[in-house]
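Open the model in your viewer and keep the selection panel at hand. This tour goes stop by stop, with what to select and what is there.

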Number of protein chains: 2
Amino acid sequence: MDFKVTHNDTQTAARCGVLTLERGTIETPIFMPVGTQATVKSLSPKELEDCGAQIILSNAYHLYLRPGLDIIREAGGLHKFMNWHKPVLTDSGGYQIFSLAILRKIKDEGLDFQSHLDGSRHFLTPEDVVRVQLALGSDIMMPLDECVSYPVSFDEAQVALERTTLWAHRSKKEWEKEKKGVLFGIVQGSTYKDLRKRSLEELVEIGFPGYAIGGLSVGEPADLRYNILHGTVGYLPSTSPRYLMGVGLPQDILEAVSLGVDMFDCVVPTRYGRNGTAFTSRGKVTVRNGEFSRDQSPLDADCSCYCCRNFTRSYLRHLFNAGEILGLRLVSYHNIYFFLDLMKKARQAIKDGCFKEFKESFAARCV
Amino acid sequence: MDFKVTHNDTQTAARCGVLTLERGTIETPIFMPVGTQATVKSLSPKELEDCGAQIILSNAYHLYLRPGLDIIREAGGLHKFMNWHKPVLTDSGGYQIFSLAILRKIKDEGLDFQSHLDGSRHFLTPEDVVRVQLALGSDIMMPLDECVSYPVSFDEAQVALERTTLWAHRSKKEWEKEKKGVLFGIVQGSTYKDLRKRSLEELVEIGFPGYAIGGLSVGEPADLRYNILHGTVGYLPSTSPRYLMGVGLPQDILEAVSLGVDMFDCVVPTRYGRNGTAFTSRGKVTVRNGEFSRDQSPLDADCSCYCCRNFTRSYLRHLFNAGEILGLRLVSYHNIYFFLDLMKKARQAIKDGCFKEFKESFAARCV
């Protein structure tokens, strides 16, 4: 892996970079569509490429449970299994074990939990989680971490942080046995600035090629999130890519870009798409609503995606109203295209030295 | 409209033809994918073109109820509404009024029924149904007919036949006011050969550019269906296209082609696709089943569709197992491609003088 910052914005901490991985080169800041179960919901790999996706996300916990590692190994790895040949970042699934599975016990050794699918009992160590991701053939792996919810006491956050550091250390040792793909570190510490600083210092001490910021967007107020994010990003090595996990809405992403974050993922474009809400250059459009039944305009007049070039809001509204799958497909497609196009425009604005104006103009139009 | 028979098979009554309509030229025998609600379920118009679709079907009853004619008129007609610019054949929806709606009263004047969607009360005359299809901008329209179920008494079948002839007459008169697109006639008469013959003679007397055979595939035994079909097709003018409504499975289609039928439609490829069953050159494959979880082969090794070129049965099985929309999309796509490709191969076999062998070889492989 190689990462080069190519442009630094003068008015904000935003930056452009080029992240080179074995399976492809990624221009940052980048949005990564989420393909939890080895598919970005409702879209084909061909459509993801048409939308300009350079890297997608998948989830070790989900794939470990279903279809299971043996099946993916037999297919020749995750990329061949799902027919996506550009980079994949896999989340460890630690967050899902804490939020989705029935968690039985957290020990320093690992996590004892029951599957959310069938209740089956599993025990995963940080080493196991690295091995799962190596078996998947992931390009960027995430170590198991302890995610705390919001709000949480300083002491609890500190215990989780210490375990996260311990697990990061063990994960790296496990990864070093094979040295395939790359392994990032994940900064925790909840909303405590001191803990965030300690977490990232400990991770930098271990040494990772990239750093993720976890444990945000878990219910904390937006101003507190930005405060913590601001305090964290500034201390991360400027020469490494910075990844804000699970964020977010377009404006949240642009705010984080302005603080110096390089990588993002979120289920929002496909989840909103399935429910009939489109992101547009003028804010959200809930096209499933009756008010659009006679609207002959596209979802977004400024968008040149397949959906906006070919279909009206009136038709999309009909598809949702009639329960037709094509409706959620087209709006999901548009949303993914919109997020990726937004990042492309953000990169251009950084290069052109007008990112601050770009971000403010976007926010003004989307109110 | 122009129809020319270009090849007649010597061993069977199969034939190839070219049907020229304002919006496109169709090679027969042809399969028409069904887009009841102005969308072929789960597929985009672009994908239909990629599959080789030359004409699709839609349904006047469904579109009349939802989204309603005003909305489609405002869009500039059905083609613009759904962004499909090749020909569309619209079924009157008579069959749906008999099978889906709550039918209140059948009178010579028309049908008094309640919507299956919201119970709202409607009365449609044969003239109304023609006007609905003219408003949609249909390329081939079907008149309102009285569909009887199976089994039905001779007397009941005769009453329905007489009403169908009366309505065909009135439909043609209504169509002649605008003379846009073309209006076919529909032969009824249940499983009574005499009634079938009388029905088609009365329709030919009125004069239509094409003839459909309705009221089959409604529960009658297969041998009786072929018997009636054989008895009917032979009496239809050889210079007009013959359309067997709602049929069917690949082998049923090939049998009907051998009797001289030119046009087909059926929901089977998309309905089976949504449920995880693929049609292949070696019979049906229910890829959602566990037995395929480690199968690294494509749905059909002889198929060159996007699904078969890029995805394994193992992956498709995973998608169905995990409830992912991409699974039903890909299998629906494959099935539509398969049906259209089968017709292409059937046309070539007729031209090459080996249709009988083609049909028999297909049946032998698909047992």
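## Stop 1: a helix with two sides

Select H15(B) and look at the residues Glu357(B), Glu360(B), Ala364(B) and Arg365(B): they are exposed, on the other side of the helix from its buried residues. Keep in mind that this is a predicted model.

Now pick out the buried residues. H15(B) spans residues 355-365, and the buried ones are Phe355(B), Phe358(B) and Lys359(B). They cover an arc of only 95 degrees around the axis, so they sit on the same side of H15(B).

Next, show what lies over them. The cover of the buried residues of H15(B) includes helix H10 (250-258) and helix H14 (325-352) of chain B.

## Stop 2: a hairpin in chain B

Stay in chain B and select residues 15-21 and 24-28. These are strands S2 and S3, which run antiparallel and are joined by five bridges. S2(B) and S3(B) make a hairpin, with two residues between them. For one of the pairs, label Leu19(B): its bridge partner in S3(B) is Ile26(B).

## Stop 3: a three-stranded sheet in chain A

Move to chain A and select S7, S8 and S9. The three strands form an open sheet in that order, S7-S8-S9, with antiparallel pairing. The edges are S7 (102-106) and S9 (121-124) of chain A, each of which pairs on one side only. Neighbouring strands here are turned by 20 degrees against each other on average, direction ignored.

Zoom in on S7(A) and S8(A), the latter at residues 111-114. Four bridges join this antiparallel pair. Label Leu103(A) and look across to S8(A), where Phe113(A) is its bridge partner. Strands of a sheet pair through backbone hydrogen bonds, so switch on the backbone atoms here.

## Stop 4: two buried residues in chain A

Select Gly94(A). You will find it in helix H5 of chain A, residues 94-99. Is Gly94(A) buried or exposed? Gly94(A) has 24 other C-beta atoms within 10 Å, so it is buried. Leaving out residues up to four places away in sequence, Gly94(A) touches Leu144(A), Asp145(A) and Cys147(A). For a distance check, add Glu324(A): the two residues are 230 places apart along the chain, and their C-alpha atoms are separated by 35 Å.

Then select Leu236(A). This residue lies in the loop between helix H9 (222-233) and strand S14 (242-244) of chain A. Leu236(A) has 21 C-beta neighbours inside 10 Å, so it counts as buried. With residues up to four places away in sequence not counted, Leu236(A) touches Leu200(A), Tyr211(A) and Arg242(A). Draw a line from Leu236(A) to His334(A): they are 98 residues apart in sequence and 34 Å apart in space, C-alpha to C-alpha.

## Stop 5: where the chains meet

Show both chains and select the contact. It takes 29 residues from chain A and 29 residues from chain B. On the side of chain A that touches chain B, the elements giving two or more residues are H3 (69-75), H4 (78-82), H13 (313-321) and H14 (325-351) of chain A. Which of them gives the most? H13(A) does, with five residues. Colour this side of chain A by residue class: it divides into twelve nonpolar, twelve polar and five charged residues.

Now isolate H13(A). Eight of its nine residues are buried, so the helix is largely enclosed by the rest of the structure. The buried residues are Arg313(A), Ser314(A), Tyr315(A), Leu316(A), Arg317(A), His318(A), Leu319(A) and Phe320(A). Both chains help to cover them: the cover includes H14 of chain A, together with H3 (69-75) and H4 (78-82) of chain B. After H13(A), stop at Gly323(A), whose phi is positive, near 70 degrees.

## Stop 6: the symmetry

Finally, zoom out. A rotation of 180 degrees, with 0.0 Å of shift along its axis, superposes chain A on chain B with an RMSD of 0.0 Å. That is the relation of a two-fold axis. To find the axis from chain A, select Ile325(A): among the residues of that chain it comes closest, with its C-alpha at 4.2 Å. Compare the two sides of the contact as well. 100% of the interface residues of chain A are also interface residues in chain B, so the copies meet through the same surface.

Note on methods. Residues numbered from 1 in each chain as written. Chains lettered and ligands numbered in written order. Predicted model: local features only at pLDDT ≥ 70, side-chain atom pairs only at ≥ 80, totals over all residues. Least-squares fit on C-alpha atoms with pLDDT ≥ 70 in both. Contact = placed C-beta atoms within 7 Å. Pairing = 2+ DSSP bridges. Axes fitted to C-alpha atoms, helices over the stretch in contact; angles between N-to-C directions. Buried ≥ 20, exposed ≤ 12 C-beta atoms within 10 Å, placed from the backbone. Arc of directions from axis to C-beta. Nonpolar A, V, L, I, M, F, W, Y, C, P; charged D, E, K, R; others polar.
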